[in-house]
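User: I am new to this structure and would like to understand the words used to describe it. Could you take me through the reasoning?

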Amino acid sequence: MAEVSQIYLIPTFLHVEGLHVLPAYILEAIEKCEAFFVENERSARRFLKQMKRDIVIDNYEWVTIGKAEEAVQATFKKKINEGKIIGIMSEAGCPGVADPGQLLIKIAQELDVKINPLVGPSSILLALMASGMNGQSFSFHGYLPIDEGQRMKALKELETVSAKTRFTQIFIETPYRNNQMIQTILKTCSSRTRLCIAVDITGSSESIKTKTIAQWKNLSIDIHKKPAIFLLNG
């Protein structure tokens with residue numbers, strides 16, 4: 001009888017100091033896997049070694065997802081047809097959420113393969129939980145435009161929607177552009193709008209603070225190259 005494939009969605013830490021927040025059953029899933037489709041092979045290999053020092057990394061097949069191009073999707077389907085137990089890993093946090101692994105998960109759904117999502121840290125939910133903003137209704141937008149004019153327009157639109165609907169608006173930025181993002185928010189949004197800046201979630205330097213734009217303007221903020229997530233409530 002042919003082996004039946006399964007997919008494990010394996011969360012990784014958000015911060016290098018945050019290994020302790022991962023439940024033990026993640027390691028059990030890792031040890032069941034035969035092939036890994038990962039956003040970043042180098043960091044994924046390092047993560048496995050941190051989970052279990054004596055794990056034999058080269059016993060697994062490795063495929064880098066990239067943008068889940070056609071070649072990657074074809075390889076994924078091949079491993080499913082071979083009955084492989086497959087793990088999907090994001091570079092940080094939960095796979096399939098703001099992550100190219102979602103395209104592979106879509107294929108697994110179409111092929112009616114059993115998918116096992118595992119509990120782990122999500123920066124979106126952890127920041128929302130601690131923000132004091134509306135956790136009943138919210139929207140996640142991923143990255144905003146890089147162009148300054150387009151970014152200001154996008155922020156104004158998010159602020160307007162939030163003021164009208166009370167939905168919390170959540171977005172992220174590449175860490176080396178965090179400070180520019182903050183400056184754009186401060187000069188674009190209304191002084192009464194609330195902004196939560198969540199930095200280094202699950203790390204020892206974790207900071208999750210919600211203030212009005214007016215209050216943020218009186219503070220010195222430097223989160224250059226630190227993993228961060230932003231929440232807006234108009």
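Analyst: Happily; what follows covers a helix pair and a sheet in this predicted model.

User: Why is helix α1 called oblique to helix α2?

Analyst: The axes of α1 (residues 25–32) and α2 (residues 41–51) cross at roughly 120° and come within 11 Å. Angles of 65 to 115 degrees count as roughly perpendicular and those over 145 as roughly antiparallel. The crossing of roughly 120° fits neither range, so α1 is oblique to α2. The crossing of α1 past α2 is left-handed.

User: Which residues make the contact between α1 and α2, and how many of them are nonpolar?

Analyst: From α1 come Ile-26, Leu-27 and Ile-30, while α2 supplies Phe-47, Leu-48 and Met-51. Ile, Leu, Phe and Met all count as nonpolar, so the contact has six nonpolar residues, with no polar and no charged ones.

User: Now the sheet, please. What makes β6 and β9 edge strands?

Analyst: The open sheet has five strands in the order β6-β7-β10-β8-β9, with mixed pairing. Both β6 (138–143) and β9 (207–212) pair on one side only.

User: How do you know that β8 and β10 are paired?

Analyst: Two strands pair if there are at least two bridges between them. Strand β8 (residues 194–199) and strand β10 (residues 228–233) have six bridges, in the antiparallel sense, so they count as paired. One of the bridges links Cys-196 with Leu-231 in β10.

User: Which helix lies across these strands?

Analyst: That is α5 (residues 123–131), which lies across β6, β7, β8, β9 and β10 and runs at about 50° to β10.

How values were computed: Residues are numbered from 1 along each chain as its sequence is written. This is a predicted model: local features need pLDDT of at least 70, side-chain atom pairs count only at pLDDT 80 or more; totals for chains, interfaces and linings use all residues. Side-chain values use heavy atoms; hydrogens and water are left out. Axes are lines fitted to C-alpha atoms, for helices over the stretch in contact, and angles run from 0 to 180 degrees between N-to-C directions. Helices (H or I, at least four residues) and strands (E, at least two) are DSSP runs, numbered from the N terminus. Angles under 35 degrees count as roughly parallel, over 145 as roughly antiparallel, 65 to 115 as roughly perpendicular and the rest as oblique. A crossing is left-handed if the near helix is turned anticlockwise from the far one by less than a right angle, and right-handed if clockwise. Contact means heavy atoms within 4.5 Å.
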